[in-house]
Amino acid sequence: MKSVAKAVAGKSAGPAGSCRVARPRADALRNRERIVAAALELFVEFGPDVPLDDVARRASVGNATLYRNFPDRAALTHEVVLAVTSRTTLRAEEAAAAESDPFAALSRFVHAAADERIGALCPMISGVFDKDHPDLLAERDRLEEAVAGLVSRAQSAGRLRTDIAVGDVLVALSQLTRPLPGIACRGIDRFTHRHLQLFLDGLENPARSELPGSAATLEDLRRS
């Protein structure tokens, strides 16, 4: 009997004696969410090598709680990148559904993606990090598909210049919103949306200039 009790520890009985794995407690889920949110804030402010003790302190949890959820920096970085990518995809889908004007939808997404700190992903994934993890690849594909839809609809409507591609939008968005960790001018973020609007004005059709080089495609980004 004792061995049976041990075998079902952590499970609860369902209908007709079936067993299911117990769900994490609400407070445990809140702790995990706080850790991920705190990690993103600190990665933006100081870079991805910030001490994990500082992450625990910012999240108001103990070090043991942090390491119980994320045994190492790679695991925490994975979760932060996944969360940012997932939320950014959601913003693209929301923009497409909310705006009847395709260019307005693209503009709405660009500003929303900046608020999700998508630019912080570049320094995070440049270190020791499994960029080819199936979860991350699946979420990246969802994001690229959603943004490609915004770009395609805006171009088909004649609102977006035709000499750019999805990669141009993602690269510019990443560069214009990429944080500068550890610098003295912390208030520089207040200019982000102003500069994004300048970028968006340059995307509108008809084009006012001829762009050098070729459009950046998703394949170009994956090879870089």
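Helices here are DSSP runs of H or I with at least four residues, strands are E runs of at least two, and both are numbered from the N terminus. Labels such as α10 and α11 follow that numbering. The model on your screen is predicted.

**Stop 1: the whole chain**

Colour the protein chain by secondary structure. You should find eleven helices and two strands. Now trace the chain from the N terminus. The elements run α-β-β-α-α-α-α-α-α-α-α-α-α. What share of the 224 residues is buried? Buried residues make up 36% of them. Next, think about contacts between residues at least 6 apart in sequence. Of these, 71% join residues at least 24 apart.

**Stop 2: helix α9**

Select residues 166-177, which form helix α9. Check the length of α9 with your distance tool. Its end C-alpha atoms are 17 Å apart, and twelve residues at 1.5 Å a residue should span 16 Å, so the two values agree.

Now show the side chains of α9. Its buried residues are Val-166, Gly-167, Val-169, Leu-170, Ala-172, Leu-173, Ser-174 and Thr-177. A rule helps when you look along any α-helix: with 3.6 residues a turn, residues three or four places apart point the same way.

Pick out Ser-174, which sits in α9. Is Ser-174 buried or exposed? Its relative accessibility is 10%, and the cut-off for buried is under 20%, so Ser-174 counts as buried. Leave aside neighbours within four places in sequence, and Ser-174 is in contact with Gly-119 and Cys-122.

**Stop 3: α9 against α10**

Add residues 192-203, helix α10. The axes of α9 and α10 come within 10 Å and cross at roughly 155 degrees. Angles over 145 degrees count as roughly antiparallel. That is why α9 and α10 are described as roughly antiparallel to each other. Their crossing is right-handed.

Which residues make the contact? From α9, select Asp-168, Val-169, Ala-172, Leu-173, Leu-176 and Thr-177. From α10, select Thr-192, His-195, Leu-196 and Phe-199. Colour this set by residue type: six are nonpolar, three polar and one charged.

**Stop 4: α6 against α10**

Keep α10 and add α6, residues 102-115. The axes of α6 and α10 are 10 Å apart, and the helices pack at an angle of about 150 degrees. So α6 is also roughly antiparallel to α10. This crossing is right-handed too.

On the α6 side, show Phe-103, Ser-107, Val-110, His-111, Ala-114 and Asp-115. On the α10 side, show Thr-192, His-193, Leu-196, Gln-197, Leu-200 and Leu-203. The residues of this contact divide into six nonpolar, five polar and one charged.

**Stop 5: Ala-154**

Move to α8, residues 134-156, and select Ala-154. Its relative accessibility is 0%, so Ala-154 counts as buried. Which residues does Ala-154 touch, not counting those up to four places away in sequence? They are Pro-102, Phe-103, Arg-159 and Leu-160. Then draw a line to Glu-204. Ala-154 and Glu-204 are 50 residues apart in sequence, yet 9.2 Å apart in space, C-alpha to C-alpha.

**Stop 6: the loop between α6 and α7**

Select Ile-118 in the loop between α6 and α7. At 10% relative accessibility, Ile-118 counts as buried. Leaving aside neighbours within four places in sequence, Ile-118 is in contact with Val-84, Thr-88, Ala-113, Leu-143, Leu-173 and Thr-177. How far apart in space are the C-alpha atoms of Ile-118 and Thr-88? They are 7.2 Å apart, with their positions 30 residues apart in sequence.

Stay in this loop and click Arg-117. At 22% relative accessibility, Arg-117 counts as partly exposed.

**Stop 7: unusual backbone spots**

Most residues other than glycine have a negative phi, and most peptide bonds are trans. Three places deserve a click.

- Arg-117: phi is near 60 degrees, a positive value in a residue other than glycine.
- Ser-60: phi is positive here as well, about 60 degrees, and this residue is not a glycine. Ser-60 lies in the loop between α3 (52-59) and α4 (63-69). With 61% relative accessibility, Ser-60 counts as exposed.
- Pro-206: look in the loop between α10 and α11 (218-223). A cis peptide bond joins Asn-205 and Pro-206, with omega about 5 degrees.

Conventions. Residues numbered from 1 in each chain as written. Predicted model: local features only at pLDDT ≥ 70, side-chain atom pairs only at ≥ 80, totals over all residues. Heavy atoms only, no water. Axes fitted to C-alpha atoms, helices over the stretch in contact; angles between N-to-C directions. Parallel < 35°, antiparallel > 145°, perpendicular 65-115°, else oblique. Left-handed = near helix turned anticlockwise from the far one by under 90°. Contact = heavy atoms within 4.5 Å. Nonpolar A, V, L, I, M, F, W, Y, C, P; charged D, E, K, R; others polar. Buried < 20%, exposed > 50% of the residue type's maximum accessible area, 1.4 Å probe, protein only. Expected span 1.5 Å × (residues − 1).
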